[in-house]
Amino acid sequence: MIKKFIHQFASPKTYLFQVNRMYKYIFYFSLFVYIFSLVWGVLFTQEDFVQGNSFRIIYLHVPASFLSQSIYAAMAISSVIYLIWRVKLSAYLILAMAPIGALVTFLALFSGSVWGIPTWGTWWQWDARITSTLILFIMYLGLISLHNSFSNHEKADKLLSWLVIVGFVNIPIIKKSVDWWSTLHQSASITLTDKPTIDPSMLYPLIGSIIGFFGIVICLIIISSKVQIFKREKTKSWIKDYV
């Protein structure tokens, strides 16, 4: 029954129909929320007592860091679905998410480096959190390159799915690195188990920026996934309705 449900509601044709309906609403809402939160956080929040105005980069760095890991987790879930139920849409989504994940991870590394200059006095440290995030970036690029080197898409999809699952071990390492090792990187200011350690005047625009950034990334993944579907389903008769 689970297999029938997945194949019925996760076909490329159904997926395109659904995302075409939702895309513009997600995009405009997310763009508004992110710009509003960014302006609020950058221009109207108080200066941090310790870091001064340099803390304001959190409205880019934190959402990018969070999404860099979340995208890979979504790729791992898609990989499991593909390997168990052979849902080809899952394989397309893995390929669609990989370049967006690489871009977001690069933004996390870049914004972290910019933040590190006034905070640590250097743009780069071989810190546990930074190094494991760099490994994540390299993994994204490696997965993209590996799949592109195959001429047989089915074999490439299967191998890529296994590698994504194996590479998922890096995600908890990134998450817990500041707790497991002595590190310059500060602990998370927002967790599911503890009260936020950040002032509410900074917290609310940060939450808004995460929500807005998340929606924008979803829109990028939708565009990327449509490209993958058009490439892989171009011989199908129904695809002509969407071109």
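Leu-60 lies in helix H3, which spans residues 58–85. In this predicted model, Leu-60 is partly exposed, because its relative accessible area is 27%, and a residue counts as buried only under 20%. Leaving out residues up to four places away in sequence, Leu-60 touches Tyr-34, Ser-111 and Phe-213. A further relation links Leu-60 with Ser-209: the two are 149 residues apart along the chain, yet their C-alpha atoms are separated by 7.6 Å.

The setting of helix H3 is a protein with 8 helices and 0 strands. Read along the sequence, the pattern is accordingly α-α-α-α-α-α-α-α. Taken along the principal axes, the C-alpha atoms fill a box of roughly 60 × 35 × 30 Å. The radius of gyration is 20 Å, which agrees with the value near 18 Å that a compact globule of 243 residues would have. Of these 243 residues, 42% count as buried. Contacts across the sequence can be described in a similar way: among those between residues at least 6 apart, 76% join residues at least 24 apart.

The next residue to consider is Thr-105, which has its place in helix H4. Is Thr-105 buried or exposed? Its relative accessibility is 0%, and therefore Thr-105 counts as buried. When neighbours within four places in sequence are set aside, Thr-105 is in contact with Ser-68, Thr-133, Leu-136, Phe-137 and Tyr-140.

The discussion now turns from single residues to pairs of helices. Two packed helices are described by the angle between their axes and the distance between the axes. For helix H4 (residues 88–120) and helix H6 (residues 153–167), the axes come within 10 Å and cross at roughly 65°. This crossing of H4 and H6 is left-handed. On the side of H4, the contact is made by Ala-91, Ile-94 and Leu-95, and on the side of H6 by Asp-157, Leu-160, Ser-161 and Val-164. Sorted by class, the residues in the contact of H4 with H6 are 5 nonpolar, 1 polar and 1 charged.

Helix H6 also holds Trp-162. Trp-162 counts as partly exposed, because its relative accessibility is 48%, whereas exposed means over 50%. Between Trp-162 and Met-75 there are 11 Å in space, C-alpha to C-alpha, and the two are 87 residues apart in sequence.

A second helix pair consists of H5 (residues 128–148) and H7 (residues 170–180), whose axes come within 8 Å and cross at roughly 160°. The angle makes H5 roughly antiparallel to H7, because angles over 145 degrees count as such. H5 passes H7 in a left-handed crossing. Which residues of H5 and H7 make the contact? From H5 come Ala-128, Arg-129, Ser-132, Thr-133, Ile-135, Leu-136 and Met-139. From H7 come Asn-170, Ile-171, Ile-173, Ile-174, Lys-175, Ser-177 and Val-178. The residues of this contact of H5 with H7 divide into 8 nonpolar, 4 polar and 2 charged.

Two of the H5 residues in this contact, Thr-133 and Leu-136, are also listed among the residues in contact with Thr-105. Thr-105 itself belongs to helix H4.

Conventions:
Residues numbered from 1 in each chain as written. Predicted model: local features only at pLDDT ≥ 70, side-chain atom pairs only at ≥ 80, totals over all residues. Heavy atoms only, no water. Axes fitted to C-alpha atoms, helices over the stretch in contact; angles between N-to-C directions. Helix = DSSP H or I, 4+ residues; strand = E, 2+ residues; numbered from the N terminus. Parallel < 35°, antiparallel > 145°, perpendicular 65-115°, else oblique. Left-handed = near helix turned anticlockwise from the far one by under 90°. Contact = heavy atoms within 4.5 Å. Nonpolar A, V, L, I, M, F, W, Y, C, P; charged D, E, K, R; others polar. Rg over C-alpha atoms; globule rule 2.2 N^0.38 Å. Buried < 20%, exposed > 50% of the residue type's maximum accessible area, 1.4 Å probe, protein only.
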